[in-house]
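Subject: Structure for your files, with notes

Hello,

Here is the structure I said I would pass on. Please open it alongside this message, since the notes refer to residues by number.

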Amino acid sequence: MPPDVTFRRASSADAEAVASLYLRARHAAVPAIPPPAHADDDVRAFVRNRMIPEREAWVAVDGGAVVGLLVLDGDDIDQLYLEPSRVGEGIGSRMIDLAKSERPAGLELWAFQSNVRALAFYERHGFVAEGWSDGDNEEREPDVRLRWRPAYTHGHHESVLRSHRWRTAENSAAYLLRKLSPGLRVLDVGCGPGTITLDLARRVAPGTVVGVDASAEVIAEAEAACGAQEGVRFAVGDVYALDFEEGSFDVVHAHQLLQHLGDPVAALREMRRVLRPGGTLAVRDSDYGAFTWAPASVPMSRWLELYHEVTLRNGAEADAGRHLLRWVRAAGFTGIEAGSSTWTFADAESRAWWCGLWADRVRQSSFATQAVTYGLADAEELEELAEGFLAWSLEEDGWFVVLHGEVLAEAPRRSGTVRFTDPSRN
């Protein structure tokens with residue numbers, strides 16, 4: 001992309017240039033898309049009176065000329081058009097990156113089914129089709145609903161779930177245990193296969209615990225592990241839009257979740273919403289930049305560098321542990337207690353387990369796929385990193401420490417009567 005192209009919010013002074021660009025792009029795209037449904041003058045009036053004043057419009061500018069248009073309407077990409085002569089220069093990709101940075105929780109859009117080139121463009125940028133219509137639009141042409149959600153760096157390969165199944169309340173939520181008592185209502189967000197969730201349920205029985213995760217496959221595994229245990233249930237859910245009423249829980253817990261989110265503060269605010277006033281928030285995340293090991297290993301150092309590169313591309317924060325205090329404060333919690341704890345792998349058995357699962361992740365998990373897809377590594381390098389982990393695991397004096405940040409906090413108290421509901425009924 002030419003280095004002089006810049007991006008900024010559109011203003012009323014841009015209305016004529018934006019409308020002219022839109023019309024040139026729309027007409028040039030025929031027959032891949034149908035002609036505009038409105039007269040040119042109506043389009044100009046819409047841009048001037050509605051698009052720029054009421055929606056979030058961005059322009060790409062080169063030498064004072066508007067060469068690209070991006071319009072966001074809520075979480076939708078409402079418009080994305082380029083000067084026809086500038087297609088293929090990378091401006092559109094930069095505008096998609098801009099949209100993702102402005103909407104880190106996700107984006108959606110409609111595209112005409114006939115616009116094969118645009119559909120391929122969005123697919124390259126991680127959008128997937130989730131619905132189709134036969135022409136429920138002004139142009140009466142079939143279209144497709146596309147959605148983008150931030151990539152989960154780890155994915156759900158067996159090597160990832162192997163790590164998640166190892167986790168218990170004792171080795172992963174010890175800082176929270178003193179806050180638990182029988183009868184509490186607990187929400188475990190990003191519960192994975194449910195091992196911590198089930199431990200929490202035993203500690204608050206006869207209270208209720210709900211485990212929520214974005215993956216239906218993982219929730220199915222958690223439900224199988226639950227068996228006949230009472231007082232606990234699992235559900236697929238979205239951390240940015242939890243399907244519970246305000247004040248439904250006494251405790252909200254999230255382990256190793258915020259590091260994978262594009263907007264952790266928004267997620268924390270949603271957790272605050274479902275907590276009763278004075279209820280307890282408990283969040284724990286690792287800090288990859290603070291991982292340490294001895295003896296030194298060149299492949300493992302490269303792995304850590306690559307991990308940061310992949311998570312950066314995913315809009316996530318690998319070093320989340322050090323940011324928890326700031327995020328929790330920004331989300332409006334009070335009574336904040338910040339601390340830390342570690343996992344240590346320093347004997348033959350634990351070194352073999354830890355390094356073995358990371359060797360498998362480097363070879364086969366979503367992390368590996370993303371590293372290759374993003375052009376950050378190739379299969380040969382990933383194999384070298386995996387072999388490096390396995391070789392290091394044999395070091396007699398090998399010592400690997402995983403640092404975690406931990407925060408306990410309270411949902412702000414407020415005066416007046418608050419109506420609480422039983423989350424097990426939602």
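The notes below go through strands, core, helices, aromatic pairs and cysteines in turn. Please keep in mind that this is a predicted model.

Strands E2, E3 and E4

Strand E3 covers residues 65-73, and seven of its nine residues are buried. E3 pairs with strand E2 (residues 56-62) in the antiparallel sense, over seven bridges. Within that pairing, Asp 62 stands opposite Ala 65 of E3. E2 and E3 form a hairpin with two residues between the strands, where Gly 63 has a positive phi near 60°.

E3 also runs antiparallel to strand E4 (residues 76-82), joined to it by six bridges. Here Gly 68 has Leu 82 in E4 as its bridge partner. This second hairpin likewise has two residues between its strands, and Gly 74 in the turn shows a positive phi of about 65°.

Strands E11 and E12

E11 and E12 pair in the parallel sense, with six bridges between them. His 253 is the residue that stands opposite Ala 282 in E12. E12 is mostly covered, as eleven of its twelve residues are buried.

The nonpolar core

In soluble globular proteins, nonpolar side chains tend to be buried together. The largest nonpolar core in this model has 30 residues. Those with the most contacts inside it are Leu 187, Leu 258, Leu 268, Met 271, Leu 281 and Val 283. Several elements give two or more residues to this core, among them strand E8 (185-189), strand E9 (208-213), strand E11 (249-255) and E12. Helix H11 (324-330) and strand E15 (399-410) are also on that list, as is helix H9 (264-274). H9 provides the largest share of the core, five residues.

Helices H3 and H8

Helix H3 (residues 91-102) has twelve residues. From its first C-alpha to its last it reaches 17 Å, close to the 16 Å expected at 1.5 Å a residue. The buried residues of H3 are Ile 91, Gly 92, Met 95, Ile 96, Leu 98, Ala 99 and Lys 100; note that a lysine, Lys 100, is among them.

Glu 221 is found in helix H8 (residues 216-226). With 25% relative accessibility, Glu 221 counts as partly exposed, because the buried class ends at 20%. The C-alpha of Glu 221 is separated by 8.6 Å from that of Gly 192, although the two residues are 29 apart along the chain.

Aromatic pairs and charges over rings

A search of the whole structure turns up 26 aromatic pairs. In one of them, the ring centres of Tyr 288 and Trp 303 are 6.4 Å apart and the planes are at 55°, so the pair is classed as tilted. This pair links distant parts of the chain, 15 residues apart. Tyr 288 lies in the loop between strand E12 (275-286) and strand E13 (292-294), while Trp 303 belongs to helix H10 (residues 298-313). Both Tyr 288 and Trp 303 are buried.

Trp 354 and Trp 358 form an edge-to-face pair, with 6.5 Å from centre to centre and 70° between the planes. These two tryptophans are four residues apart in helix H12 (residues 348-364), so about one helical turn separates them. Trp 354 and Trp 358 are both buried.

Trp 358 has a further contact: the charged end of Arg 361 sits over its ring, 4.5 Å from the centre. Arg 313 is placed in a similar way, with its charged end over the ring of Tyr 374 and 4.5 Å from the ring centre.

Cysteines

How many disulfides does the model contain? The count comes to zero. A disulfide is a covalent bond between the sulfur atoms of two cysteines. For Cys 191, the nearest cysteine sulfur is that of Cys 226, 11 Å away. Seen from the other side, the closest cysteine sulfur to that of Cys 226 is in Cys 191, and 11 Å is too far for a bond. Cys 191 counts as buried, at 9% relative accessibility. Cys 226 also counts as buried, at 10% relative accessibility.

Regards

Technical notes: Residues numbered from 1 in each chain as written. Predicted model: local features only at pLDDT ≥ 70, side-chain atom pairs only at ≥ 80, totals over all residues. Heavy atoms only, no water. Phe/Tyr/Trp six-rings, centres within 6.5 Å; stacked < 30°, edge-to-face > 60°. Buried < 20%, exposed > 50% of the residue type's maximum accessible area, 1.4 Å probe, protein only. Lys NZ or Arg CZ within 6 Å of the ring centre and 35° of its normal. Expected span 1.5 Å × (residues − 1). Disulfide = S-S within 2.5 Å. Pairing = 2+ DSSP bridges. Core = buried A, V, L, I, M, F, W, Y, C linked by side-chain atoms within 4.5 Å.
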